[in-house]
Amino acid sequence: MIRRRALLALGAVALLALAAPLLPPYPLTLVTQALVVAILAMSLDVLLGYTGLPSLGHAAYWGVGAYTVALLATERGVGLAGCAVAGVLLAGAVAAVFGLVAIRAAGTYFLMITLALGMVVWGLAFRWVSLTKGDNGISGVPRPELFASPLPFFYFALAAAGLAWTLLALLVASPFGLTLRGIRESESRMRSLGYNVWLHKYLAFVISGAVAGGGGVLWAYYNGFVSPTDVQLITSVEALLMVALGGPGTLAGSVVGAGVIVFLKNFVSLYTKRWLLILGAVYIGVILFAPRGIVGALRRRSVR
Amino acid sequence: MTDDALRLDGVAKHFGGLRAVDGVSLTVRPGERRALIGPNGAGKTTLFNLVAGMLPVTQGTIRLFGANVTGAPPHRRAALGLARTFQITNLFLGLTVLENCLLAVQALTPSRLSMLRPLTGYHALYARARAILAAVGLAGVDGVVVANLSHGEQRQLEIALALAGKPRLLLLDEPTAGLSPAESRLMADLLANLDPAITVLMIEHDMDVALALASHVTVLHYGRVIADGSRDQIRNDPQVREIYLGV
């Protein structure tokens, strides 16, 4: 089963890699954007879909990654490797601190606490003007020379998303990954079996935050510009929508959901201002006809 | 002298003004089969939750195999060899039977925290999970999602999960709850064939099952132990007959 899915994913990556040079510039940047955002959605899926923790503040870790790059690459001239390591570690560190607060809560309370913590990061981005330049944001984030033009950057994003998918797919297929699904199904049973449930949730939270930070690093290079809009609530909500739309508990679903939302947001909005209406209709349709999301509906799970 | 498997001293649990468990002291010796009976609301399940660490005690001490675990979290108690089943079936409904059993098998192994190797590579865990499923008679349904199992099969899986961690003390909370007479007999056979080294404390309403399995019975009433003795003593105890059997 895992092998078949890995082959499917490899096939999709190969197809994208081959098709990319044929794409006109605008669709190419959209596909690139979808890949970058897919990293955020996949990291969230580890919490929402696998562990059953609905985080509404995932833009925080994404934003920490993005701001780290923006600050290090513009003023201090730090290169890609340094920025990437710093962004991932810092996002993971922030998640490690926030997790201490958030993991104590469950369900709606978890949602509200992650929302509040996310707003803290947004508030810092907005108000700590001396560091973040506040509302103006930080512009002119230089792409590494090797990946400066769109096509090489697309391949870079493809490789990064592929790496994130591989790491997270290994994680959810591991014994630890099974414990996350067990926690989603019954925390009290996990406790009585002898699991330290808090520890497992906390580790998942920190890993998820670090991966989201990795996505944020890429986002800063992709956009060349980082501002408080990148860490605002709407970004967190969009990530949740991507996971719900594509299928929680299926990493591939997060990628599909990211693709659908990036496409609707950027492509459909060219033709109508009412793209949100179309997004709403798509979302309601998925909830009604495929409550397990697009990919979830394609996988039958009664007997494996 | 070996330590008692379980020793409770003056254990109490108050919910506001309600004394659900009111100063219970009891000892269960290693290898013993003990039934815990009592009318509805006697505090039996609450007592189990205190022993397993799902609820904090108001007063008293709990010792497992000589170790004071009064304030210890559930996973620490499980590591000492405690396992339990639930009165209301508590399984991983969205996972397959085999996945349920794998979770139970790996719970007390270091691999539970391993993150970068697929579970399918852990052949020893699979072998043990399959062996346990076979032992409780669920070998044929290991790929079925638990939500699709019959109630009887779910009760069997409850037992499988509790046995998977090789427990030394097993708490069974009404293992035959909701089972048909035929299923109850299967369950009683399953329990009768448990490894004699495992200490068992069971809540059971079906007196045939309880008295067939347990040599020693503790009777709980309004949170207090009102009788404690061999099954014949309990059968003939006038107070027990009055409140429990309504004679």
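**Two domains and a bent helix**

Visitor: How is chain B divided into domains?

Guide: In this predicted model, the domain assignment splits chain B into domain 1, made of 1-81 + 168-247, and domain 2, which covers 89-166.

Visitor: How far apart are the C-alpha centres of domain 1 and domain 2 of chain B?

Guide: The C-alpha centres of these two domains of chain B are 25 Å apart. Their contact draws 9 residues from domain 1 of chain B and 9 residues from domain 2 of chain B.

Visitor: Which elements give two or more residues to the domain 1 side?

Guide: They are helix H2 (74-79) and helix H6 (181-192) of chain B. H6(B) gives the most to that side, with 3 residues.

Visitor: And how do the residues on that side divide into nonpolar, polar and charged?

Guide: On the side of domain 1 of chain B that touches domain 2, there are 7 nonpolar residues, 1 polar and 1 charged.

Visitor: Changing topic to chain A: what span should helix H2 have?

Guide: Helix H2 of chain A has 27 residues (residues 25-51), so at 1.5 Å a residue it should span 39 Å. The end C-alpha atoms of H2(A) are 38 Å apart, which agrees.

Visitor: Where does H2(A) bend?

Guide: H2(A) bends at A:Asp45, by about 40°.

Visitor: Is H2(A) mostly covered or uncovered?

Guide: H2(A) is mostly covered, as 21 of its 27 residues are buried.

Visitor: What follows H2(A)?

Guide: The residue after H2(A) is A:Gly52, which has a positive phi, near 80°.

How values were computed
Residues numbered from 1 in each chain as written. Chains lettered and ligands numbered in written order. Predicted model: local features only at pLDDT ≥ 70, side-chain atom pairs only at ≥ 80, totals over all residues. Domains from an automatic or database assignment. Contact = placed C-beta atoms within 7 Å. Helix = DSSP H or I, 4+ residues; strand = E, 2+ residues; numbered from the N terminus. Nonpolar A, V, L, I, M, F, W, Y, C, P; charged D, E, K, R; others polar. Expected span 1.5 Å × (residues − 1). Bend = angle between axes of the 7 residues up to and from the residue. Buried ≥ 20, exposed ≤ 12 C-beta atoms within 10 Å, placed from the backbone.
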